[in-house]
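Let's walk through this structure together, one question at a time. Have it open in front of you and follow along!

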Amino acid sequence: MANDASTVFDVVILGGGSGGYAAALRAAQLGLSVALIEKGELGGTCLHRGCIPTKALLHAAEIADETKEAAEFGVLATFQGIDINGVHKYKDDVIAGLYKGLQGLVASRKVHFIQGAGKLSSQTSVDVNGQRIEGRHIILATGSVPRSIPGLEIDGNRIISSDHALKLDRIPKSAVILGGGVIGVEFASVWKSFGVDVTIVEALPHLVPLEDENSSKLLERAFRKRGIKFELKARFSGVEYTETGVRVSTENGKQIDADLLLVAIGRGPVSAGLGYEENGVAMDRGYVLVDEYMRTNVPTISAVGDLVPTLQLAHVGFAEGILVAERLAGLKPVPLDYDGVPRVTYSNPEVASVGISESKAVELYGKDKVVTLKYNLAGNGKSKILKTAGEIKLVQVKDGAVVGVHMVGARMGEQVGEAQLIYNWEALPAEVAQLIHAHPTQSEALGEAHLALAGKPLHAHD
Ligand SMILES: Cc1cc2nc3c(=O)[nH]c(=O)nc-3n(C[C@H](O)[C@H](O)[C@H](O)COP(=O)(O)OP(=O)(O)OC[C@H]3O[C@@H](n4cnc5c(N)ncnc54)[C@H](O)[C@@H]3O)c2cc1C
């Protein structure tokens with residue numbers, strides 16, 4: 001390996017996804033010299049195989065649903081079907097535009113971008129393209145890839161991962177989705193709108209099991225209404241090929257035939273064979289272990305994003321990347337409060353939350369110290385106009401701050417910005433009740449929920 005030690009960067013970053021590029025941009029902004037190594041495309045999973053393409057598909061799905069339901073609003077429109085190539089073109093154009101913008105941004109900040117598959121070669125260097133790139137500090141940000149179950153082979157055709165689902169050149173008649181978490185639920189929502197007969201198989205008792213149980217139940221009710229089928233507490237036991245598709249079996253004796261199976265049971269870290277363990281980095285089941293400042297046990301190495309066992313979200317990756325950059329530049333960043341991270345499932349209806357669930361609050365504070373309030377969107381003018389159903393549920397510590405906001409309904413993802421201010425500023429219901437919300441907006445529902453929690457409900461029954 002040629003040792004090109006003439007340049008020693010302040011920071012060498014391995015992986016140019018949300019975590020890696022955020023660290024690069026912030027470090028460069030703070031005057032550090034940065035090398036960013038990426039084997040695929042800058043932007044990583046979120047931009048090319050995650051957040052952005054799924055949300056484009058979900059928007060196309062929303063248009064399909066609105067076209068089908070247009071007559072309910074007195075609009076004459078005929079739904080003629082989905083042109084999947086057209087959908088992909090729209091989605092790919094969105095990605096291409098953002099990709100170009102991101103490449104420009106990285107170049108403009110004078111980040112030294114290196115295209116190639118890198119490997120940690122010492123505690124202060126990464127080897128890539130036959131060159132040794134030295135850094136005073138290394139940030140590991142190699143992200144994650146779809147996981148499967150031992151023995152469940154993803155063939156990319158009839159048994160697929162989200163990577164394949166995003167590029168599928170056909171609309172299947174039917175699909176089984178293994179996993180009722182965020183990714184499974186979003187694809188179920190898209191495919192149903194595109195006319196697919198969808199069944200979700202989830203081992204846990206609820207869809208989106210990390211959410212407050214009330215949100216899960218509301219989503220399940222809405223999905224039932226939409227004709228999205230789901231089997232809960234159903235453990236996958238096997239899949240076999242049939243003449244035209246697959247037959248999925250569960251441990252409770254169910255068999256479901258479909259054109260294809262989407263495996264959406266989660267994502268695992270990308271760390272195998274990358275020299276992490278060899279160079280002394282402490283790991284657990286492939287994840288790199290870090291403290292609250294994203295420091296590994298090796299003083300010169302930090303790690304961020306899906307590679308570390310924190311919430312697998314792009315904005316968590318951004319925040320962790322920024323935190324490391326600021327720490328390395330000598331600033332004093334504050335560790336992340338992971339409960340304060342907004343979470344959105346962009347299905348129809350959307351599920352959005354911040355803070356802790358009621359059950360977690362009861363665990364932390366005791367049952368008699370936890371107050372909850374549910375505000376039904378039926379009382380909210382804008383939600384009525386949109387014909388959406390759902391609820392906002394607040395969790396409060398008795399006589400104290402709001403510690404959880406859980407929302408289900410169309411466009412609720414857009415309300416999570418205010419919800420996160422309420423949680424992160426430890427707002428009291430009376431303080432939020434004091435803020436005037438524009439009428440008619442869906443944010444008003446958040447205001448009304450707090451008015452009710454403060455004991456002065458307006459468009460809600462006492
Ligand atoms: C279908 C789907 C939908 C999602 N939707 C959302 C959403 O709506 N909102 C949200 O917040 N999050 C969403 N996510 C999660 C989000 O995409 C991830 O949390 C985020 O991409 C993690 O960023 P990262 O930088 O840690 O990893 P990644 O984005 O995976 O980036 C890691 C990068 O490292 C590169 N790399 C790996 N090994 C090497 C190597 N040896 N050398 C050089 N480069 C290497 C990879 O090519 C990759 O580009 C979604 C994910 C999926 C799969």
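Q: Which residue just after helix 4 takes a positive phi?
A: This is a predicted model, so every value here is computed from it. Look just past the end of helix 4, which covers residues 84-108. There, phi is about 65°, and the residue that takes this positive value is Lys 110.

Q: How many Å does helix 4 reach from its first C-alpha to its last?
A: Helix 4 has 25 residues. Because the expected span is 1.5 Å times one less than the number of residues, 36 Å is expected for helix 4. The model comes close to that, with a reach of 36 Å.

Q: Which helices are included in what covers the buried residues of helix 4?
A: Start with the buried residues themselves, among them Ile 84, Lys 91, Tyr 99 and Val 106. Buried here means under 20% relative accessible area. What covers these residues includes helix 1 (18-29), helix 2 (44-49) and helix 3 (51-68).

Q: Which helix gives the most to the lining of the second largest pocket?
A: This pocket holds about 1300 Å³ of space and is lined by 39 residues. Helix 3, helix 6 (182-193), helix 7 (213-226) and helix 10 (381-386) each supply at least two of them. With eight residues, the one that gives the most is helix 3.

Q: How many charged residues are in the lining of the second largest pocket?
A: Lys 387 is one of the residues nearest the pocket's centre, and Lys counts as charged. Across the lining, 14 residues are nonpolar and nine are polar. The number of charged residues is 16.

How values were computed. Residues are numbered from 1 along each chain as its sequence is written. This is a predicted model: local features need pLDDT of at least 70, side-chain atom pairs count only at pLDDT 80 or more; totals for chains, interfaces and linings use all residues. Side-chain values use heavy atoms; hydrogens and water are left out. Helices (H or I, at least four residues) and strands (E, at least two) are DSSP runs, numbered from the N terminus. Buried means under 20% relative accessible area, exposed over 50%, partly exposed in between (1.4 Å probe, protein chains only). Contact means heavy atoms within 4.5 Å. On a 1 Å grid over the protein atoms alone, a cavity is a set of points where a 1.4 Å probe fits but cannot get out, and a pocket is an open set with protein on both sides within 12 Å along at least five of seven lines; lining residues have an atom within 4 Å of a point. Grid points are joined across faces, edges and corners, and a volume is the space filled by probe spheres set on the points.
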